[in-house]
Amino acid sequence: MDDNVIKVENLVKYFDGRCVLGGISFNVPRGCIYGLLGRNGAGKTTIIRILLGLEPATRGQTFLLDTESTNLAPNDRGRIGCVAEGHNLIQNYKVERLIKLCKDLSLQWNDESFGHLIETFRLPMDRRVRDLSMGMRAQLNLSLAMAIDPELLILDDPTLGLDTVARRQFLELAIEVIQKQGRTILFCSHILSDVERIADRIGILAAGKLVVDCPLEQLKERVKKLRVIFSESVPVNLYLTEIINRQIRGREMTITVANWNRQKQTILETFKPSSCTEIPMSLEDIFIECTRPSDEPVQAA
Amino acid sequence: MLTLIRREIRDHIVYFIAAVIFSAILVAFITATRYNLDWFGSAVFGAFSVPLLVILVLGFSAMGVTQMYLDRNRKISAFLSVLPVTRSRILTARIIAGLLAILIVLVPVTITATVLERIFAPPIPASSGYTAEILTTVFLMAFACYCLGLLNGWTANKIAPTIGALGLNFVLVSLVFVKGFGQDIKFLLVLVIVACLIRTWQKFMSTSL
């Protein structure tokens with residue numbers, strides 16, 4: 001029995017000869033909230049679909065709750081809650097019928113928690129799913145996923161289409177789930193402030209590769225943006241590796257360096273800069289820097 | 001499994017209602033022809049039975065196509081697959097629902113035909129089992145056409161499944177008319193059923209949802 005609830009091993013996926021995922025590997029330990037980030041088309045949804053067994057992988061293996069994704073039994077699926085991108089619910093069903101179907105098929109159903117969510121979101125039971133707004137569909141999807149008290153919650157852009165109030169409600173709900181011991185969440189979102197608020201480990205996908213896979217705090221610690229001012233002109237070569245971005249303006253240079261450590265600091269100090277100040281970076285800044293082309297990986301220590 | 005079968009029936013209730021109505025028409029037709037065979041004449045019987053048979057097989061083929069086509073385009077299996085359900089269960093429930101629809105048509109017809117045979121058929125060995133043979137072939141033909149529908153329906157294209165299923169159904173129906181209700185046609189229909197089910201299973205289990 002492994003303590004990793006999600007395991008992705010050398011995952012490769014081609015669509016019509018185009019490589020979408022080029023050998024992705026990462027693990028999500030039990031109780032972890034993993035924020036998977038990437039630009040549109042980076043392959044986040046593909047990873048989730050492969051994990052859930054909805055899409056076959058070209059190469060590599062994925063495991064959920066110690067079972068290979070392609071062999072997930074109903075008992076395993078009953079422990080996984082999922083909110084899919086676009087909220088692919090059965091569109092021609094009435095909300096009431098969809099809820100009944102999910103309840104009948106589920107292994108466990110928390111009526112109290114579900115009733116509370118439905119009341120909070122004020123979802124109309126007599127309307128067809130296709131007549132609901134995108135936000136309402138997101139709320140319904142989330143309520144259905146939460147009603148089974150999932151051990152693992154997979155959220156693929158769950159706040160897409162939600163207004164500010166509903167988004168806040170969702171995040172509070174997610175935090176509530178997190179507080180229940182041993183719950184694991186895989187969370188994809190474009191709203192980085194949401195991810196920053198709840199995730200404790202981050203993976204960033206760019207050009208089919210996982211360029212970042214480390215705890216959020218470590219990421220903030222290891223990716224540094226520095227404003228360096230030299231007394232004379234800026235040196236042509238700083239002999240620093242893993243420079244993500246560099247901008248030069250006169251004697252001033254702004255550099256973003258991955259895997260910042262004492263050794264790199266010493267190398268920079270040998271150039272005797274007149275000043276070196278750190279520019280604080282938010283997750284969004286790091287994400288933008290990391291998803292530029294020709295990145296070098298930022299791996300966990 | 002019961003929930004999934006119930007869902008299939010409710011989602012395709014039109015076909016089940018049509019099956020009940022069609023079954024009633026068939027029972028009435030068989031009873032009427034038995035009681036008034038001289039008045040009707042065998043030519044009239046033939047003229048009515050051929051279109052009824054064609055409607056029967058086309059109806060089941062359409063049901064198979066609809067089940068798979070709507071599933072793919074409404075992403076029903078994609079939604080169900082994230083619940084505690086496997087793809088094999090979804091497909092099994094679908095096939096059971098199809099079989100139920102066929103039985104709704106054929107069971108009352110079989111009962112009626114058996115009773116009428118006992119009342120009207122001459123007590124000679126040549127006529128015994130004739131009804132059973134016809135109904136077995138009709139059942140296999142209806143199921144084969146349904147399976148062809150399932151196979152052709154798993155596509156995003158509307159024209160290909162319609163033309164494909166129609167063409168193959170006419171080949172099957174023509175074969176039955178040419179070869180009759182003998183053992184060789186039954187064997188052929190079983191082969192078609194097995195081939196269609198294996199291919200549908202393989203497609204449904206391995207494709208992206």
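## Domains, chain contact and core of a predicted model

Chain A is divided into two parts, domain 1 (4-215) and domain 2 (218-299), and the model in which they appear is a predicted one. The centres of domain 1 of chain A and domain 2 of chain A, taken over C-alpha atoms, are separated by 35 Å. Along its principal axes, the C-alpha trace of chain A spans about 75 × 40 × 40 Å, and its secondary structure comes to 10 helices and 15 strands. Buried residues make up 40% of the 301 residues in chain A, while, of the contacts in chain A with a separation of 6 or more, 71% are accounted for by residues 24 or more positions apart.

### Where the parts touch

Between the domains of chain A, 13 residues of domain 1 are in contact with 11 residues of domain 2. On the domain 1 side, the elements that give two or more residues are α7 (192-198), β9 (201-206) and β10 (209-215) of chain A, and β10(A) gives the most, with 5 residues.

Turning to the contact between the chains, chain A gives 21 residues and chain B gives 16 residues. On the side of chain A that touches chain B, α2 (74-77) and α3 (95-105) of chain A each supply at least two residues, with α3(A) giving the most, namely 4 residues.

The table sets out the make-up of these two sides.

| Side | Nonpolar | Polar | Charged |
|---|---|---|---|
| Chain A, touching chain B | 12 residues | 6 residues | 3 residues |
| Domain 1 of chain A, touching domain 2 of chain A | 10 residues | no residues | 3 residues |

### The largest nonpolar core

In soluble globular proteins, nonpolar side chains tend to be buried together. In this model the largest nonpolar core holds 129 residues, of which A:Ile154, A:Phe187, B:Met141, B:Ala142 and B:Ala144 touch the most other members. Helix α7 (residues 130-153) of chain B contributes the largest share of this core, 13 residues, and the core also draws at least three residues from each of domain 1 (4-215) and domain 2 (218-299) of chain A.

Which residues are in contact with A:Ile154, leaving aside its neighbours within four places in sequence? They are A:Ile48, A:Leu51, A:Leu52, A:Ile80, A:Cys82 and A:Leu186, and A:Ile154 itself is among the core residues that touch the most other members.

How values were computed
Residues are numbered from 1 along each chain as its sequence is written. Chains are lettered from A and ligands numbered from 1 in the order in which they are written. This is a predicted model: local features need pLDDT of at least 70, side-chain atom pairs count only at pLDDT 80 or more; totals for chains, interfaces and linings use all residues. A nonpolar core is a set of buried Ala, Val, Leu, Ile, Met, Phe, Trp, Tyr and Cys residues joined through C-beta atoms within 7 Å. A residue is buried if 20 or more other C-beta atoms lie within 10 Å of its own, exposed if 12 or fewer, and partly exposed in between; C-beta atoms are placed from the backbone. Domain bounds come from an automatic or database domain assignment. Two residues are in contact if their C-beta atoms, placed from the backbone, lie within 7 Å. Ala, Val, Leu, Ile, Met, Phe, Trp, Tyr, Cys and Pro count as nonpolar, Asp, Glu, Lys and Arg as charged, and the others, Gly among them, as polar.
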